[in-house]
Amino acid sequence: MNEDKLLEKAKGVLKLNDRGSWMVPAADLYPHQWLWDSCFIAIGLRHLDIERAQTELTSLLRGQWSNGMLPNIIFSEGHKYHRDRELWRSYLSPYSPDGVSTSGLTQPPMLAEAVVQVGEKLKLPERRSWYKKMYPALVRYHEWLYTERDPHKEGLIILLHPYEAGLDNSPPWVSELRKHSMPWWVAAIEKLRLDGVVNLVRRDTRHIPPGQRTSNIEALSHWAALRRLRRHAYNSEAILNRPLFAVEDLAFNCLLIRANTDLQKISETIARPLPQEFLAAMTRTEAAIEQLWDETDGIYYSRSFISHKLIEEPTIAALLPLYAGTISKERAARLVQLLASRKWFKANWPIPSVPLRSSYFDPSRYWQGPTWINTNWLIIKGLESYGYQDEADKLRQKSLELVARNGLNEYFNPLNGHPEGAPSFSWTAALTIDLLKTS
Ligand code: GLC
């Protein structure tokens, strides 16, 4: 593999997707700024241009709501995107910012990690001022998560829509939506096999083959779920009063545990202690993640907030407690075994987003099988933190080989490495740079 050539290619993708002070995930398909995408982008950018990496993150704050929420999308301006903005109508909420349109939901809390990764490239005095700049917004965001999304102080954050998990059509969400939130008309469309008509209004399938995206029925149920949240002006309390479905999402909560640790690091560096109540919440989440372990299957699952039952659909999220970093060494060892097992996550081009044996597995369909570079990156970090350096190095090597051979796409077929989804995808390029620069 020619590493210099790969690095140049990755830089080229970032240049292509740069919109000045922030980047689109991919031209055409994703023309706005996304929350966790920008975090991954900044992690790569820090090796090229530290100021630009900082701007990528500060530009996320223009979308922060006055209650602390960081939205998953900040919309581009211009007539062309009117329909996208009107789908969400963030102006319905009194908390949404003036002068900028956003979505009304959040995404995995990667910001604290990105702030620290960027900070590590700075000398101590600059690092301190960088942390001081980002700290208040971060604290408000984490506090919002705990007040609004863990109202009973159980430790696990509740998500209200699959978009918040970042893994839109991941099996646990598909199965919850099917069971509890399939409007009659979506069921009727499915029964009458009329779902093909939906392609007429979908933008994504104009750019990418439908077989690589969320199915039409799933897309319709996402849309119906979004409309319900919009009717409540995205007010979590009102929604949680009578939720049709709500999920204690495994991936999100693992990322939150790591983000809390990062936030603590930031607070120590600038000598601004975190509120006691927040520290207590942090400890609760670390303990609560253990409630998601299923001893019979030997794996972690997400849980339904309503039935309090585990949603027994295994996904890549099962490996993210390694990234959280707070599970026991014994548990970590069991997760590492899953990585090496054909029954679970071993594949020619690791790591598939659901196990090969899952009934949902489809090597091309978005979060139902393909390999993604961001989840590989998170798992590499997790393996390293538990001392599995060989496994981490192997996964890093495989990930780099995958993109060097097949391009910097959104995701890849785990059986043959075929590039799928959007070409020239920003986080794939940014994390490739990070993997190259930190090996
Ligand atoms: C899709 C992905 C989400 C990502 C977004 C923009 O919705 O599921 O994780 O943030 O695209 O790339």
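Glu113 counts as buried in this predicted model, because its relative accessibility is 3%, below the 20% limit that defines a buried residue. Glu113 belongs to helix H5, which covers residues 111–119. Setting aside residues up to four places away in sequence, Glu113 touches Ile43, Arg258, Asp262, Tyr323 and Trp377.

**Other buried positions**

Leu60 is part of helix H3 (residues 50–61). With a relative accessible area of 3%, Leu60 is buried. Beyond its neighbours within four places in sequence, Leu60 contacts Gln33, Trp34, Leu35, Ser38, Cys39, Leu70, Ile74 and Leu111. Leu60 and Ser21 are 39 residues apart along the chain, and their C-alpha atoms are separated by 9.7 Å.

Trp367 is placed in the loop between helix H16 (329–339) and helix H17 (373–385). Its relative accessible area is 3%, so Trp367 is buried. Residues up to four places away not being counted, Trp367 touches Gly166, Leu167, Asp168, Asn169, Ser170 and Pro171, as well as Ser353, Val354, Trp372, Asn374, Thr375 and Trp427. For one of these partners, Val354, the C-alpha to C-alpha distance from Trp367 is 7.5 Å, with the two positions 13 residues apart in sequence numbering.

**Backbone geometry**

Most residues other than glycine have a negative phi, and most peptide bonds are trans. Tyr366, in the loop between H16 and H17, has a positive phi near 55° although this residue is not glycine. Tyr366 is buried, its relative accessible area being 5%. In the loop between H16 and H17 also lies Ile351, which is joined to Pro350 by a cis peptide bond with omega of about 0°. His308, another residue that is not a glycine, has a positive phi of about 60°. The place of His308 is the loop between S7 and strand S8 (310–311), and its relative accessible area of 37% makes His308 partly exposed.

Helix H6 runs over residues 124–149 and holds 26 residues. At 1.5 Å a residue, helix H6 should span 38 Å, and the 35 Å between its end C-alpha atoms agrees with this. Within H6, a kink of about 40° is found at Tyr135, shortly before the proline Pro136.

**Salt bridges**

Side chains of opposite charge can pair when their charged atoms come close. The structure contains 21 salt bridges, including the three tabulated here.

| Pair | N to O distance |
|---|---|
| Asp18 and Arg52 | 2.8 Å |
| Glu248 and Arg303 | 2.6 Å |
| Arg405 and Glu401 | 3.3 Å |

Which parts of the chain does the salt bridge of Asp18 with Arg52 tie together? Asp18 is in the loop between helix H1 (3–17) and strand S1 (33–34), whereas Arg52 is in helix H3, so the pair ties together parts that are 34 residues apart in sequence. Asp18 is partly exposed at a relative accessible area of 28%, while Arg52 is buried at 9% relative accessibility.

The side chains of Glu248 and Arg303 also meet in a salt bridge. This pair links distant parts of the chain, with Glu248 in strand S4 (residues 247–248) and Arg303 in strand S7 (residues 302–304), 55 residues apart. Both Glu248 and Arg303 are buried.

An α-helix has 3.6 residues a turn, so residues three or four places apart point the same way. Arg405 and Glu401 are four residues apart in helix H18 (residues 389–406), which means that about one helical turn separates them. Arg405 is exposed, with a relative accessible area of 58%, and Glu401 is partly exposed, at 28% relative accessibility. Elsewhere, Arg202, Asp204, Arg213 and Glu410 are joined into one network by salt bridges that share partners.

**Nonpolar surface**

Leu192, Leu194, Val197, Leu200 and Val201 make a nonpolar surface patch of about 520 Å². Leu192 is located in the loop between helix H9 (184–191) and helix H10 (204–207). Is Leu192 buried or exposed? Leu192 counts as exposed, because its relative accessibility is 58%.

Methods. Residues are numbered from 1 along each chain as its sequence is written. This is a predicted model: local features need pLDDT of at least 70, side-chain atom pairs count only at pLDDT 80 or more; totals for chains, interfaces and linings use all residues. Side-chain values use heavy atoms; hydrogens and water are left out. Helices (H or I, at least four residues) and strands (E, at least two) are DSSP runs, numbered from the N terminus. The expected span of a helix is 1.5 Å times one less than its number of residues. The bend at a residue is the angle between axes fitted to the seven residues ending there and the seven starting there. Patches are made of residues with over 30% relative accessible area and no salt bridge: like charges are joined within 9 Å, nonpolar side chains (Val, Leu, Ile, Met, Phe, Trp, Tyr) within 5 Å. Accessible areas come from the Shrake-Rupley method with a 1.4 Å probe; for residues, only the protein chains shown count as cover. A salt bridge is a side-chain nitrogen of Lys or Arg within 4 Å of a carboxyl oxygen of Asp or Glu. Buried means under 20% relative accessible area, exposed over 50%, partly exposed in between (1.4 Å probe, protein chains only). Contact means heavy atoms within 4.5 Å.
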